[in-house]
Amino acid sequence: MKNVLMLIFKRCGASLITIFIISLIIFIGVEMLPGDVAETVLGQGATPETVEQFRKALKLDLPPHIRYGAWLNDFVHGDFGNSLANGRPVAGLIGWRLGNTLFLALSTAMIAIPLALILGMIAAFYRNTFFDKLISTTTLSFISFPEFFIAYILISLLSVKFNIFPSLAVIDPEMGLGSRIYAIVLPSLTLTFVVTAHMMRQTRAAIINVLASAYIEMAEIKGIRRLRIIALHAFPNSLSPVINVIAVNMAYLIVGVVIVEVVFVYPGLGQLLVDSVAKRDLPVVQASGLVFSVVYIFLNLAADILSMLSNPRLRQSQI
Amino acid sequence: MNNLLEIKNLYLEAFYEEQWQPIVHNISLDLKRGEVLGLIGESGAGKSTIGLAAMGYARQGCRIASGSINLDGKELFGASQEDLRVVRGSKISYVAQSAAASFNPAHRVIKQYSEAPVHHGLMNHAEAEKEAVEIYRRLFLPNPEKIGYRYPHELSGGQLQRAMVAMAMSCHPEIIVFDEPTTALDVTTQIEVLAAVKEITEKMNKAALYITHDLAVVAQVAHRIMVLRNGRLVEINETRELIKNPKEKYTRELLNVRSLRENKTIHEKMDVILDIKDVAATYTGYDNVVEDIDLTVRKGRTVALVGESGSGKSTVAKIITGLLPAINGSIKFLGKELPRKLKDRKKDDLRKMQMIYQMPDTALNPRQTVRQVIGRPLEFYFGIRGKKAEDRIRELLVDIELDPDHYIGRLTTELSGGEKQRICIARALAAEPELIICDEVTSALDQLVAEGILDLLQDLQNKTDMAYLFITHDLATVKAIADKIVIMLQGKIVEQGEKKEILSPPHHEYTDKLLASVPEMDPDWLDNLLEKRASTFI
């Protein structure tokens with residue numbers, strides 16, 4: 001157990017270093033964006049003096065490494081600075097939207113992950129039969145369509161034609177949990193269709209891979225039922241690749257859902273990021289970029305640790 | 001009818017080259033209560049396939065084509081999957097060759113024991129686990145109350161194999177199929193498992209099929225022995241009768257493989273090729289895996305380095321080749337001191353010391369032809385290319401007794417295990433070495449094939465006067481080819497000397513145990529040994 005703690009500790013350290021490097025990259029990337037914030041914000045008619053004053057007020061005249069140090073220091077202390085566009089604190093702006101993004105991602109994950117695992121196991125169980133091919137074809141078709149296409153199909157079916165769910169996922173902070181869930185059914189469903197195929201196919205492949213092992217043959221020879229063999233003998237040994245795919249998809253659900261947010265006008269973090277880039281609202285861009293990276297790295301870290309814990313050999317390894 | 005198992009006219013087929021082809025032809029056998037039937041043959045003889053067929057089971061890509069399998073009055077051929085499932089594990093169970101691979105790494109050993117009886121509805125978890133402890137104790141597993149609660153990777157190979165024997169007994173089946181249960185074990189552990197098999201069948205009045213390629217092993221436990229070759233019956237007879245009067249030539253060949261070869265003496269004035277003194281090495285940096293290793297190898301002679309798994313014998317090979325640099329001591333090769341690290345050594349020193357490995361499958365590049373494999377050292381060490389290389393490769397193929405026209409263009413994957421090992425030998429020969437280190441070169445091969453390889457190595461030594469350092473855990477091999485024997489235990493050399501000195505008493509205590517553990521072709525050998533042991537314990 002001590003070794004595992006050591007290993008986890010090391011992974012966390014490596015993650016911190018990665019986040020630091022990413023913060024550098026984000027800062028440099030934003031630095032390299034063409035154009036000048038002061039000029040953009042103040043418009044064409046601004047006199048050079050006002051521009052100069054504005055730059056001074058925002059500390060844009062200082063050399064980059066000092067600004068980077070100050071930015072990182074503030075960020076670590078939870079102060080993300082103020083938006084250039086409207087002067088509101090970035091933390092508040094991002095906080096609510098990040099909450100919305102996580103809410104949508106988690107609700108989707110709660111449906112998609114069990115669904116994918118169960119479908120994967122069933123597909124492995126009925127390997128190479130009509131049923132297996134049906135599951136594969138269906139999920140693959142959904143993955144092949146662009147997300148907005150699935151979204152519009154769902155809207156035209158479930159909200160325009162039958163009028164069951166709202167086509168716009170508008171939520172505000174005062175809404176209760178029930179009405180919130182009701183509001184996000186369609187985007188959540190769209191995302192489920194997008195991510196399930198990937199996870200399901202990985203589960204199926206990992207299980208089938210394990211089914212060739214000697215211990216599966218042993219279980220069969222012991223007279224254990226096929227379904228139990230798949231769920232209790234094969235599945236635990238195929239967890240590691242599955243966990244990694246789940247992590248990648250979770251990351252996608254948080255970081256990559258801009259299009260779905262736009263289609264359903266959902267106030268998530270992705271939409272904020274896109275808006276802010278258009279407006280050259282650099283503090284917001286930097287902060288959301290860094291938040292995304294932290295989420296992404298955290299998910300991968302969690303996947304690493306979980307797949308380590310799922311394997312008794314690694315759990316007690318001597319590394 | 002008092003036959004527990006009756007197999008009649010069994011045919012099995014495998015699917016390859018796009019069609020079903022027969023692999024087992026017309027096998028009939030029967031098994032009574034309290035009886036052990038040995039199935040013996042080389043790989044490809046169909047032993048395991050028949051063993052599994054006795055449970056109505058065929059591996060992926062195989063099928064039972066025709067015949068009848070009657071288990072205690074119930075016909076298994078053509079029975080439904082559900083009917084077969086009910087029988088498997090509860091009436092007839094199986095002990096696989098590799099316990100390490102056959103235990104599920106994700107579950108504790110005792111949970112895997114109790115799974116079958118609980119699943120078949122014979123007892124609940126608590127009862128099953130109580131019985132497991134009892135059986136673990138009977139099979140002399142250390143710490144029987146606790147050992148089951150470990151994960152498979154926390155047990156040694158010998159312990160796992162016994163835990164698997166215990167698992168096979170969990171539902172009190174009538175028949176247990178033992179498929180090479182001791183092949184992967186050291187000789188000393190093998191005895192524990194053999195004793196367990198005997199106890200189960202004799203005292204508990206069960207029946208067993210015992211599958212192996214080692215006639216001496218099966219002679220200890222089986223009442224009757226069935227010799228198989230290429231899926232066909234060669235002969236079947238009572239054990240004593242079969243050993244005394246084998247009718248078929250093939251059986252006689254199997255019986256003969258353990259004969260001793262002539263001794264070569266070692267003279268003090270013979271050239272010392274390799275001389276290592278006081279060598280130690282470590283993997284971790286603080287704990288030495290081997291220590292105080294002193295060893296000399298002389299020209300034209302074979303030194304056998306013997307020990308059980310984990311004794312450090314392969315580590316010694318790594319130190320000599322420089323893969324694992326020694327932390328102290330000296331390694332002298334052909335009269336001069338070798339640098340400890342591989343990368344500090346000269347090309348010519350590398351050339352003069354070659355290695356042959358345990359697994360010819362992994363030692364050869366699957367994408368290369370025989371020509372490329374043998375041609376590589378020719379080009380690397382001597383710069384020989386083109387026509388000259390082609391001629392030399394052909395010469396080498398003749399040396400290893402393979403027809404050049406037939407083999408030179410083939411991919412290494414198209415060869416059998418024995419042929420692959422011969423190619424590995426040719427590759428080593430191509431460098432014209434003074435010393436070849438052979439690391440368990442025959443342990444992955446069938447008995448007769450291994451015999452051929454040993455013969456070849458012997459002939460090559462007579463021709464070229466190379467020295468061999470032969471690393472092995474198989475004392476039969478040692479007896480067959482060594483001039484000098486070095487015995488290792490827990491990273492140290494416990495005894496070394498000329499073969500006849502080591503093999504004749506008095507021995508070091510450990511040497512004695514090791515030698516006494518090698519099965520002899522005498523059906524009473526195990527009983528005598530167990531009796532002797534029991535009397536010394538009391």
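Colleague: Is the crossing of α10(A) and α11(A) left-handed or right-handed?

Modeller: This is a predicted model, in which local features need pLDDT of at least 70, side-chain atom pairs count only at pLDDT 80 or more, and totals for chains, interfaces and linings use all residues. Residues are numbered from 1 along each chain as its sequence is written, while chains are lettered from A and ligands numbered from 1 in the order in which they are written. Helices are DSSP runs (H or I, at least four residues), numbered from the N terminus. A crossing is left-handed if the near helix is turned anticlockwise from the far one by less than a right angle, and right-handed if clockwise; that of α10(A) and α11(A) is right-handed.

Colleague: Which residues make the contact between α10(A) and α11(A)?

Modeller: Contact requires C-beta atoms, placed from the backbone, within 7 Å. From α10(A) come A:Y215, A:I216, A:A219 and A:E220. From α11(A) come A:I229, A:H233 and A:A234.

Colleague: Where do the domains of chain B lie in the sequence?

Modeller: The bounds come from an automatic or database domain assignment. In chain B they are 3-256 for domain 1 and 272-504 for domain 2.

Colleague: How many residues of domain 1 of chain B are in contact with domain 2 of chain B?

Modeller: The centres of the two domains of chain B, taken over C-alpha atoms, are 36 Å apart. On the side of domain 2 of chain B, seven residues take part. They are in contact with residues of domain 1 of chain B numbering eight.

Colleague: Which elements give two or more residues to that side of domain 1 of chain B?

Modeller: Domain 1 of chain B touches domain 2 of chain B there. The elements are α8 (187-203) and α11 (249-256) of chain B.

Notes: Two residues are in contact if their C-beta atoms, placed from the backbone, lie within 7 Å.
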